[in-house]
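Reader: Could you take me through this structure step by step, with the terms explained as they come up?

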There are 2 protein chains.
Amino acid sequence: MSCHTSKDSLHAVGMKVTKAREVLLRVLEASDHPLTVDEIYDRLAQPRPGRPTIYRNLERFIQEGWAESFVDKNQIQRFLRCSTTEHHHHIHCEKCQRTTELDGCAMTKALSQLERQCGYKVTRHQLQIYGLCPGCQKALTLK
Amino acid sequence: MSCHTSKDSLHAVGMKVTKAREVLLRVLEASDHPLTVDEIYDRLAQPRPGRPTIYRNLERFIQEGWAESFVDKNQIQRFLRCSTTEHHHHIHCEKCQRTTELDGCAMTKALSQLERQCGYKVTRHQLQIYGLCPGCQKALTLK
DNA sequence: TCCAAAACAGAATCAAGTTCTATTTCTGTA
DNA sequence: TACAGAAATAGAACTTGATTCTGTTTTGGA
Ligand SMILES: [Mn+2]
Ligand SMILES: [Mn+2]
Ligand SMILES: [Zn+2]
Ligand SMILES: [Zn+2]
């Protein structure tokens, strides 16, 4: 049988199955918005991994395409679980921080046009989209 | 007459004309790539403004739309002069760091389509495009 | 020239993130 | 199950980009 536990995923890429890794994946999975290392730390029951362990493993997760990180407006790194390793983007609610994963990338065509226009060869891009989620829009209307 | 000096610009928005502001604008203008505060600091002749002064004024410049900043891959803030206050993006050469300002924004249409699809109301977005500038592409070919 | 507000200098401080080494945990092998 | 080597963690110390704070200087208008 093949129910995908974190243990399976870790094995599949040759990473040892440690308590820290399992609990980190669980915390990321449980959040509907990107977390700072401090926020992750606060959600862990004692005894909990130290910050270096958290950083180190999140980095590994990102390498495997299991998570992404970005730097928020306060210059703090935030981490989020991704459900696919395909190139994609996210939209972040500016009020409640809820984050939604978007399907695919709408920029592919525009970028190849850009290459012709500006002479650069595009190698990669990062896009952060901010907005108000349906719930927060409704809340604003009611006020 | 109306040649646009930094003095004129500062007056126009009610900012006092100080040595620090003039020299900071000059350094930003002279660079073809985004600078860290340390890089700016190193380019200033003594006596030079302290780091808090540099940060404070760059922040003002950004508020006025005269500059932009982003956080680079080492989590360090980089600043660049903008030639327009209109919404636009930049492309950064991954080899030589040269940065080119792009005309307008290719995402407007895609974003309004996204709003319908995901239910969020989009409020703003940030896009960083990385690539190889024409010069660096040529250099790679020759090798 | 004089004054009040704005801006600056520079030291001290903060905190996110990293480094380092000793210890523990994991997993393949016998 | 016991063992050994490799991988991973703990936790303190450190680094450094950025901010705060207070006393001094500069600016621009009256
Ligand atoms: Mn994702
Ligand atoms: Mn620009
Ligand atoms: Zn994309
Ligand atoms: Zn745009």
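The questions below turn from the domains of one chain to the two copies.

Author: This is a predicted model, in which local features need pLDDT of at least 70 and side-chain atom pairs count only at pLDDT 80 or more, while totals for chains, interfaces and linings use all residues. Residues are numbered from 1 along each chain as its sequence is written, chains are lettered from A and ligands numbered from 1 in the order in which they are written, and side-chain values use heavy atoms, leaving out hydrogens and water.

Reader: What area is buried between domain 1 of chain A and domain 2 of chain A?

Author: An automatic or database domain assignment divides chain A into domain 1 (1-84) and domain 2 (86-143). Buried area is the accessible area (1.4 Å probe) that two parts lose on being put together, summed over both. Carbon and sulfur atoms give 51% of that area, whose total is about 840 Å².

Reader: Which three residues supply the most of the area that domain 1 of chain A buries against domain 2 of chain A?

Author: Their share is 46%, more than that of any other three residues. The three are D32(A), F70(A) and T84(A).

Reader: What relation do chain A and chain B have?

Author: Two copies of a chain are related by a rotation about an axis and a shift along it. Here, with a least-squares fit on the C-alpha atoms of residues with pLDDT of at least 70 in both copies, a rotation of 180° with 0.0 Å of shift along its axis superposes chain B on chain A (RMSD 0.1 Å). That is the relation of a two-fold axis.

Reader: Which residue of chain B comes closest to the rotation axis?

Author: The C-alpha distance to the axis is 2.2 Å for this residue of chain B. The residue is L127(B).
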